[in-house]
Amino acid sequence: LIDDREVRVLTHANVVHLQANRDATALEHVVVKTLGGRAFTVRARAFVLACGGIENPRLLLAANDVEPAGIGNRHDLVGRYFMEHQHGRAGRVETNQAFRLWNLFRKRRLGRGGPPVAPLLLPAPELQAECGILNTALTFKLQRDPTRGLLASDRLYRRLKHQLPPDRSRRRLWHLYRDVRGALQRSVKPLLERARSRVGLRELYVMVRAEPAPNPASRVTLGRERDGLGVPKAELDWAQSRQDKDTVAELVRTLDGEFRRLGIGRVEPSDWLAEETTAWPVDPTVSKHPIAGYHHMGTTRMSDAPSRGVVDAQCRVHGYGNLYVAGSSVFPTGGWANPTLTIIALAYRLADELDRRLPRA
């Protein structure tokens, strides 16, 4: 981006307002401010919001001087349908093949120097249709009793990642620790886990990466507090649905039935699946990302009809001729997989649309 002659990058330049025209049919300009006190406007033939599933709706909702409900929010949909890939512990596997199962599903490199890959279990389409469940993914984790809390190495990992100031030297330290840890896990961990399993120091658990059900009650709104640039801060009410939880319970029942049929063992469901509430517990021992995948999706969802979405199939905000949204906030559904490849595909399609609509002089 820095070397591209056709791209101009402004760092430390924060968009604080989207200015609509009087008719609310186009964006006139955006207001930009720096923490140092500078302010200016940017005008363009087209504008693309690419700030993520929380910041995109925040900017749209805060632009309420022409449209009181915010830009693109004539049907009260901006900020709604927030989705994340919930993580959780679905159950414990009673089996004499704990290490074998974990080793089959653990992350490994695809060839020498290739990308990391890991197998997952997914419900068949027939099971999804029959039981009305989502396409949630299951995998296995071999670990000590989770009630004992995090290992010292995991506590150090999170402390380095989240508590060190993010300057260059400290990020190098974090990357060095991460790379060394990853190399040890690939080379030494299988041998250690085999030995620990044999003497009963490890048990096998079923882990979930959920497909979230689109839920209009799960939403981003504006709070009363403002940030250092005067923009209202975002407030997130991430609401899981009954279907999210029922999906996991059904998958555990199905997996238990298959394990019993195949003579592998049995699966004991986690206690939280029987609770009436739809909330998921936060268990720090589930993974490096114990709550969810940091995949913010759905708050400016795509639909051909303005009454059901914020942007159209070309990622253009309904009713606005020159305002587009890029990223996973346009997803109408979340799936179970990382959103990156879909984000890239939509970005390419949006680029083609802009090339078509805005020919170069």
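How exposed is Asp76, in terms of relative accessible area? At 34%, Asp76 comes out as partly exposed. That residue turns up again in one of the close-ups below, which are drawn from a predicted model.

**View 1. Three strands, β1, β2 and β3, make an open sheet.** The strands sit in the order β1-β2-β3, and their pairing is antiparallel. β1 and β3 are the edge strands with just a single partner each, so each of them has one side with no neighbour in the sheet. On average, neighbouring strands here are turned by 25 degrees against each other, ignoring direction. In β2, which covers residues 27-33, five of the seven residues are buried, so call this strand mostly covered by the usual cut-off of under 20% relative accessible area. While you look at the strands, keep in mind that side chains in a regular strand alternate between the two faces of the sheet.

**View 2. The β1-β2 hairpin, seen along its ladder of bridges.** Strand β1 takes in residues 14-20, and six bridges hold it to β2 in an antiparallel arrangement. Two pairs are handy for finding your way along the ladder. Asn14 stands opposite Lys33 of β2, and His17 has Val31 of β2 as its bridge partner. Six residues lie between the two strands of this hairpin. In that turn, look for Ala24, whose phi is positive at about 55 degrees.

**View 3. The β2-β3 hairpin, on the other side of β2 from β1.** β3 is made of residues 39-42 and pairs with β2 through four bridges, again antiparallel. Lys33 shows up here as well: it stands opposite Ala39 in β3. Five residues separate the two strands of this hairpin. Gly37 sits in the turn, with a positive phi of about 105 degrees.

**View 4. Arg58 and Asp227 shake hands across the chain in a salt bridge.** Their closest N and O atoms are 3.2 Å apart. Arg58 belongs to helix α1 (residues 52-62), while Asp227 is in the loop between β10 (219-226) and β11 (232-237), so the pair ties together parts that are 169 residues apart in sequence. The two ends differ in cover: Arg58 counts as buried at 10% relative accessibility, and Asp227 is partly exposed at 22%.

**View 5. Two more salt bridges, Arg80 with Asp76 and Arg316 with Asp312.** For Arg80 and Asp76, the side chains meet at 2.8 Å, N to O. Arg80 is the buried end, at 16% relative accessibility, and Asp76 is the partly exposed end, at 34%. For Arg316 and Asp312, the N to O distance is 3.5 Å. In that pair Arg316 is partly exposed at 26%, whereas Asp312 is buried at 11%.

**View 6. A network of salt bridges links five charged residues.** The members are Arg92, Glu94, Glu203, Arg266 and Glu268. For context, the salt bridge count for this model comes to 22.

**View 7. Glu250 in helix α7, with a couple of contacts to look for.** The helix runs over residues 242-262. Glu250 is buried, with a relative accessible area of 17%. Its side chain makes a polar contact of 2.8 Å with the side chain of Arg253. Leaving out residues up to four places away in sequence, Glu250 touches Cys131 and Ile133. Cys131 itself is partly exposed, at 31% relative accessibility.

**View 8. Cysteines without a disulfide.** How many disulfides does the structure hold? Zero. As a reminder, a disulfide is a covalent bond between the sulfur atoms of two cysteines. Cys315 shows why that is out of reach here: the closest cysteine sulfur, in Cys51, is 14 Å from its own, too far for a bond. Cys315 is also buried, at 3% relative accessibility.

Technical notes. Residues are numbered from 1 along each chain as its sequence is written. This is a predicted model: local features need pLDDT of at least 70, side-chain atom pairs count only at pLDDT 80 or more; totals for chains, interfaces and linings use all residues. Side-chain values use heavy atoms; hydrogens and water are left out. Buried means under 20% relative accessible area, exposed over 50%, partly exposed in between (1.4 Å probe, protein chains only). Two strands pair if DSSP finds at least two bridges between them. Axes are lines fitted to C-alpha atoms, for helices over the stretch in contact, and angles run from 0 to 180 degrees between N-to-C directions. A salt bridge is a side-chain nitrogen of Lys or Arg within 4 Å of a carboxyl oxygen of Asp or Glu. A disulfide is a pair of cysteine sulfur atoms within 2.5 Å. A polar contact is a pair of N or O atoms within 3.5 Å; within protein, one must be able to donate a hydrogen and the other to accept it, and residues adjacent in sequence count only if both atoms are side-chain atoms. Contact means heavy atoms within 4.5 Å.
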